[in-house]
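Me: I am new to this structure and would like to go through it slowly, one question at a time. Could you take me through the parts of it step by step?

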Amino acid sequence: MAEKLRKSAKILVFSTEKISDPAIDMAGLLKLHYPPTVYTITVPCSSGIKSRWILHAYEKGFDGVFIAADGSDCVFGESCTEKTGELVGQTMELMKQKGIEPARLKMAAICSVCSESFVKQIKSFNEYLLKTSITE
Amino acid sequence: MEKKKIGVYVCHCGGNISDYVDVEKVRQAIEDEGGVMLAKTTMFACSDSNQKDMVEDIKNNNLNGIVVASCSPKLHLTTFRNVSERADLNKYNYVHANIREQVSWAHSDDKTGATEKAIHIVKAAIAKARLSESLVPNKIMAEKAVAVIGSGVAGMKAAIALSDKDCPVFLIEREFFIGGRVSQWGAMFTTNETGKEVVTRLYNDLVKRSNVTIFTGAEVVSNVGSIGDFKLKVKITPRYVKEKCDQGKLQLAMDACPVVVPDEFNFNITNRKAIYHNFPSEYPQAAVIDMKNCTRCGKCETLCDNIDFSLKEEILDIQVGSVLMATGFDPYTPHDGEFGYNEIGNVVTLPQFKRIIELNDKDLMFKGTKVKNIAYIYCVGSRQPEGGNTYCSRYCCTSAIHASLLVKKKYPSVYNYHFTRGIRTYGKQESLYYDSSAQGDIYLQAYEDALPEVSWNGKKSIVKINDILTGGREMKVEADLVVLVTGMVPRADNSVGTLFKLPKGRDKFFNEIHMKLRPVETFIDGVTIAGACQGPKNIMESANSALSAATKSYSYVSKGELETEPIVAVVDPVLCTWCGACAKACPFDAISMTKDGTKAIALINNSVCKGCGMCLPVCPKDAIDLIAFSNNEIESMIDALAHD
């Protein structure tokens, strides 16, 4: 069957209400473009994301999941970075068990003014996903 | 759950959205989604006329779910929640879809892609609205009293503002004297009023107020509870000297004290005894014995009968509805060798220099030598490379230039040389820079990667710079005194912040929720921040933030009752088998073990839970959900976004 390469990968972003959401909003305000197949779900804190939500996204057809983590700016405290890292590690283990490439999950700390960084990270993730196995 | 009847409004936002997103196509794409009863486009969803139409629609159609697809929820979530309430619909049935910042503006280069994305985002919001529930904000009793921690200018101004509102205030100061850093300053810009005078004025205002209780030598050692009901334990350390004390006998006791230690009030450039005053008109006007250094030789007791070593520490219980933190800053201490500090004898910091000016009346003397040339090196401890203090401390350019003006006025034969990295005397303070230049001060400017160098030639310090202002020319100044213009850093001992679990920013100062929109609130409900504990501020800025924080703290306690967001964790008692992982993950101690019959399960304290969700991913049984972020809600949104 003929396969057509996609222009952009479908990426689900988990962003946080107080920290990374403002950065993603500001990316729009600054007209910093990124692929329109990037969708955001807002949660209070990146350390509160469940592995099952991430796995559900792959099951439903998302090519990649990007966690726009609070990092050291988290309003809920300093332990956020470590806890987000732990949940990403645990999820990657589950991905391996299910035969999903762990590199399809990416996490980066996105502070409230890190718009350029967000767009750069997303573009690079999109390129990676397109290069690896994304076809339709 | 009642069948959902959802109203959806897709906003043009003038052309901000509709120039790039085909809003009519979006409306058509979602109008047949399950639960959608009504789908409209609107030119401005936030306009009064549309809000009125929405109220009518909700009432006429008995809508029990609303979605507005418009700008960021940061701007209008509250607006549309209020619309819901005006139509007698519980506000938690409102869901916001951001199709401006995250769609039309972000993808203005791809109209087809933007429209497709908008459709998916609105469908996801509808999926969430389908599962939305009417929630009741938590209502809790609020003790009408506020604890202000720290009695510098910010703390005192906040205490006065709260007292004006007839709100009882406990002003808690860890030191034995109130006034904070400002009491250490001499004449200040713009009025040349001294720090002492400012403190005196505020103290005199405070002590006449019956609803303000001032504690000195007092430290909060325990905090239990949350907004509306903080139960604090405050440790009061005695002064060991009675307040009404015979000053003559006290002076004899001070003279007799054999202990000599560096005087922190003068930034260690002078010494004091173990029994000491800060300065004659300090507040409260009562000496204190420094028990860390006192040898208990007993000489003072024999000379002054108001000295009493039998006094004991006390622990007071205080109950307040809100806590206002105004714990201030520490001046940056350069490390040994930083621009010659602690290695070259005539290198001092700006705070030390200001005390030197204050203590030298006739000639400017330092270590027995008359000072003629002063070199000021700017941005010491501020604007450092990544890994250090990258921020600007804001006050130091103004303070250093003001000091140089005072010096020239007080000791006219002095010459001032300013080694800067660009002057930042913003606002009215720019006039000082003008005056300083006009009086003949020399300004030189360093490159960021080629800072001034300080060396010692056996007699004087030599400060060398490649000066930007003269095209990179090497310049040298022989200085009798080198003043390091040091910035502000967070308090070295910020244990009180840890006690309240106050988040800190990358600069390690206490963090506000939003720099512009919620500048004095912290994520710890009921705790506000004011002054330089939040980041570098001058006195005027500290006073402004103190008044703002006082108003916010008062708003928490004024009604005696308050509402909090109902976004909290919920435990499924059937699935939960209590392993304790959730309690360990919770940074707010909101989870404990309880018994459900004979079974141990987790219990969430709703008034303490902040709704962060840190307990969710650690539960091995997936027995915890977060209200409004349940598995069903998140996964149904993913389904809507994934669907091609």
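Reply: What follows is a set of questions and answers on this predicted model.

Me: Into which domains is chain B divided by the domain assignment?
Reply: The assignment for chain B includes domain 2, which is written in three pieces as 137-236 + 313-328 + 494-559. The other entries are each given as one stretch of chain B, so that the full list, going by the definition that domain bounds come from an automatic or database domain assignment, can be read off in order. It is domain 1 (6-135), domain 2 (137-236 + 313-328 + 494-559), domain 3 (238-311), domain 4 (331-489) and domain 5 (565-627).

Me: How many residues does domain 5 of chain B give to the contact with domain 2 of chain B?
Reply: The centres of domain 2 and domain 5 of chain B, taken over C-alpha atoms, are separated by 33 Å. On the side of domain 2 of chain B that touches domain 5 of chain B there are three nonpolar, two polar and one charged residues. Domain 2 of chain B thus enters the contact with six residues, and domain 5 of chain B with eight residues.

Me: Which strands of the open sheet β2-β1-β3-β4 of chain B have one side without a neighbour in the sheet, and why?
Reply: This open sheet has four strands with parallel pairing, in the order β2-β1-β3-β4 of chain B. A strand at the edge has a single partner strand, so one of its sides is left without a neighbour in the sheet. The strands in this position are β2 (36-42) and β4 (94-98) of chain B.

Me: Which residue of β2(B) stands opposite B:I6?
Reply: Strand β1 (residues 6-11) of chain B runs parallel to β2(B) and is joined to it by six bridges. Within this pair, the residue of β2(B) that stands opposite B:I6 is B:V36.

Me: What angle does the direction of helix α5 of chain B make with that of β3(B)?
Reply: Helix α1 (residues 23-30) of chain B packs on the sheet by touching β1 and β2 of chain B, and its direction makes about 180° with that of β2(B). Helix α5 (residues 111-130) of chain B also packs on the sheet, touching β1, β2, β3 (65-70) and β4 of chain B. The angle between the direction of α5 and that of β3(B) is about 160°.

Me: Which strands stand at the edges of the open sheet of five strands in chain B?
Reply: The order of this sheet is β8-β7-β6-β16-β29 of chain B, with parallel pairing. The edge strands each have a single partner strand, so one side of each is without a neighbour in the sheet. They are β8 (212-215) and β29 (527-529) of chain B.

Me: Are α6(B) and α14(B) roughly parallel or oblique to each other?
Reply: The axes of helix α6 (residues 153-164) of chain B and α14(B) come within 8 Å and cross at roughly 40°. Angles under 35 degrees count as roughly parallel, and those from 65 to 115 as roughly perpendicular, so an angle that lies in neither of these ranges nor over 145 counts as oblique. The relation of α6(B) to α14(B) is therefore oblique.

Me: What is the handedness of the crossing of α11(B) and α12(B)?
Reply: The axes of helix α11 (residues 396-410) and helix α12 (residues 430-438) of chain B come within 9 Å and cross at roughly 40°. By class, their contact has four nonpolar, four polar and one charged residues. The crossing in which α11(B) passes α12(B) is left-handed.

Me: Which element gives the largest share of the side of chain B that touches chain A?
Reply: The contact takes 43 residues from chain B and 39 residues from chain A. The elements that give two or more residues to the side of chain B are α4 (100-104), α5 and α16 (631-642) of chain B. The largest share, eight residues, comes from α16(B).

Me: Where in chain B is B:N268, which has a positive phi, found?
Reply: Most residues other than glycine have a negative phi. B:N268 is not a glycine, yet its phi is positive, at about 70°. B:N268 is found in the loop between β11 (260-262) and β12 (271-273) of chain B.

How values were computed. Residues are numbered from 1 along each chain as its sequence is written. Chains are lettered from A and ligands numbered from 1 in the order in which they are written. This is a predicted model: local features need pLDDT of at least 70, side-chain atom pairs count only at pLDDT 80 or more; totals for chains, interfaces and linings use all residues. Two strands pair if DSSP finds at least two bridges between them. Two residues are in contact if their C-beta atoms, placed from the backbone, lie within 7 Å. Axes are lines fitted to C-alpha atoms, for helices over the stretch in contact, and angles run from 0 to 180 degrees between N-to-C directions. Ala, Val, Leu, Ile, Met, Phe, Trp, Tyr, Cys and Pro count as nonpolar, Asp, Glu, Lys and Arg as charged, and the others, Gly among them, as polar. A crossing is left-handed if the near helix is turned anticlockwise from the far one by less than a right angle, and right-handed if clockwise.
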